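Reader: Could you walk me through a few of the terms used for this model, and show me how each one is earned?

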Amino acid sequence: MPNRSAQEEYPTWIGFIFIFNLIVGTGALTLPSAFSHAGWLLGTVLIVVLAFASYVTVTFVIETMACANAIQNWKRLQFIKRDRVLEHDEDSNVELIAEEPLIATGAADEQLTDASIEQTPLNIMYSRNQYYSLSSKLELGEMANLFFGRNGRFVFYFCLAVYLYGDLSIYTAAVSKSLRDVICSHNHSMNATDNDDVITRCWEESVLSRFDIYRLCLVVFVGILGPFVFFNVQKTKYLQLITVLFRWLAFSVMISIAIHRLFAQQTVPPITPERANINGIPYLIGTCIYSFMCHHSLPSLLTPISNKKGLKKLISMDYFLICAFYLSLALTGIFAFSEIKDLYTLNFVPNSDQDSTFLKAIEYFLALFPVFTLSTSFPIIAITLRSNLQTLFLDTTQLDSYNFFLRRVFFPLLAILPPVVVCFFTESVISLVGFTGCYAGTAIQYLIPVYLVYHARRACDSMIGRGIVNDFRSPFKGNGWLLLIVSWTIACLVLVTIDLMK
């Protein structure tokens with residue numbers, strides 16, 4: 001079995017923080033607005049339900065990772081056995097063992113004898129507990145290649161590409177909109193809509209509207225960070241750590257300001273948001289799916305954890321705290337502000353009437369928060385999308401055989417230009433989040449984990465047998481849970497599609 005160096009591993013509590021920070025990202029900034037559309041009571045119920053559905057499919061991904069490792073270990077052992085058989089006489093005991101693989105059936109322990117252990121010590125490496133493991137990092141794409149056919153692999157990479165396109169569009173629109181609102185902050189109105197920005201001037205006696213400035217910020221942002229997609233970005237550890245600190249500080253300040261507004265009773269009469277609005281369900285569904293997304297990055301986060309015995313407890317605690325955090329952010333927001341912008345940080349844009357230098361600095365920090373955090377992730381997402389597009393359309397085993405323009409120019413442009421075109425004509429972050437979350441997000445978060453775990457269970461039962469227990473098996477074992485997730489996915493897609501057709 002592969003051994004990981006100590007430098008590559010980290011303790012369980014670090015894994016807990018990494019998973020928390022991965023999930024709590026851009027989606028959280030659009031959650032209060034979507035929450036306000038659905039109402040505080042209905043919104044609370046939906047967030048809890050969607051958090052549970054996401055948690056279920058996370059356990060499916062973890063089980064599939066363990067199954068993929070088990071199949072990899074089983075194939076490695078059979079390869080070693082075949083090599084050892086060739087080195088011995090045909091009448092040796094090793095040959096008898098090779099004819100009937102020790103770990104290929106459910107009665108593995110019954111086949112182990114003192115003689116076989118002495119003559120085949122490699123079998124000790126793969127005991128019951130070591131067969132199903134998370135020792136090798138197998139990405140979602142590798143698991144799709146292992147368990148899906150050709151069409152299934154194409155669908156997987158297509159869905160992942162669409163999701164990453166949506167990610168880049170959201171990042172681009174959020175950063176450009178935040179920069180625009182800082183530049184034009186003295187003309188900003190809490191009741192202004194995206195259509196108003198087309199005709200509202202950024203400055204008095206200016207020919208440029210707020211939407212014109214948004215487009216200029218879009219061009220500048222892509223012009224600065226876009227070229228990174230033509231290269232590879234490495235050693236981003238410290239950038240990511242800074243991003244984590246900024247994220248925690250910003251969310252803590254936003255919740256604190258909202259709580260202060262509640263106790264200060266700055267609005268008369270008090271804000272009383274509606275309890276439930278069925279028309280707001282589609283908005284919240286897409287936003288929550290996007291906000292709870294972590295499935296595509298789980299292998300990179302979970303594999304380096306040194307002690308994986310408490311992994312199920314770790315994931316459940318993460319989801320419980322994230323759900324509570326989202327509810328705190330959304331509930332304080334809708335009771336503190338009469339109108340919530342689609343990007344929550346826009347409720348804290350700098351105010352020209354603010355006399356306190358300290359408070360003005362906080363307002364600028366919150367307004368520019370998406371710019372700081374999303375700019376560090378934008379090149380990484382763009383490069384990931386470029387690589388997936390190449391996997392989708394090219395033979396990656398012979399990548400060097402393709403011409404320079406196709407490899408180094410065409411696919412980087414194919415990754416970066418569509419999001420720019422989309423954002424050039426719309427600045428609605430919540431619409432982009434809803435579309436990305438509901439359509440591409442349901443595939444990545446619901447359907448792909450369901451089909452992966454279904455095929456993984458069948459493959460392991462056939463190849464390894466049911467006698468060896470998978471310690472990483474999902475607590476949601478029956479096929480009924482798979483059908484429930486698929487049914488929930490269909491319901492989400494139908495609701496959002498009906499809403500878009502209105």
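Author: Gladly; here are some questions and answers on burial, helices and contacts.
This is a predicted model, in which local features need pLDDT of at least 70 and side-chain atom pairs count only at pLDDT 80 or more, while totals for chains, interfaces and linings use all residues. Residues are numbered from 1 along each chain as its sequence is written, and side-chain values use heavy atoms, with hydrogens and water left out.

Reader: Why is Asp 342 called buried?

Author: Buried means under 20% relative accessible area, with exposed over 50% and partly exposed in between (1.4 Å probe, protein chains only). Asp 342 has a relative accessible area of 10%, so Asp 342 counts as buried.

Reader: And where is Asp 342 found?

Author: Asp 342 lies in the loop between helix H15 (311-336) and H16. Helices here are DSSP runs (H or I, at least four residues), numbered from the N terminus.

Reader: What makes the pairing of Asp 342 with Lys 177 a polar contact?

Author: A polar contact is a pair of N or O atoms within 3.5 Å; within protein, one must be able to donate a hydrogen and the other to accept it, and residues adjacent in sequence count only if both atoms are side-chain atoms. The two side chains meet at 2.8 Å. The side chain of Asp 342 also reaches the backbone nitrogen of Val 429, at 3.1 Å.

Reader: How do you know that the length of helix H19 agrees with what is expected?

Author: The expected span is 1.5 Å times one less than the number of residues. For the 23 residues of H19 (residues 479-501) that gives 33 Å, and the end C-alpha atoms are 33 Å apart, so the two agree. Among the buried residues of H19 are Leu 482, Ile 485 and Cys 492.

Reader: What about helix H17, and where does H17 bend?

Author: The 22 residues of H17 (residues 404-425) should span 32 Å, and the end C-alpha atoms are 32 Å apart, so H17 agrees too. H17 bends by about 30° at Phe 410, with Pro 412 following within four residues. The bend is the angle between axes fitted to the seven residues ending at a residue and the seven starting there.

Reader: Which helices do the buried residues of H17 pack against?

Author: They pack against H9 (150-183), H11 (210-225), H16 (357-393) and H18 (429-463); contact means heavy atoms within 4.5 Å.

Reader: What makes helix H13 mostly covered?

Author: In H13 (residues 281-291), 10 of its 11 residues are buried, including Ile 281, Gly 286 and Ser 291.

Note on methods. Helix = DSSP H or I, 4+ residues; strand = E, 2+ residues; numbered from the N terminus.
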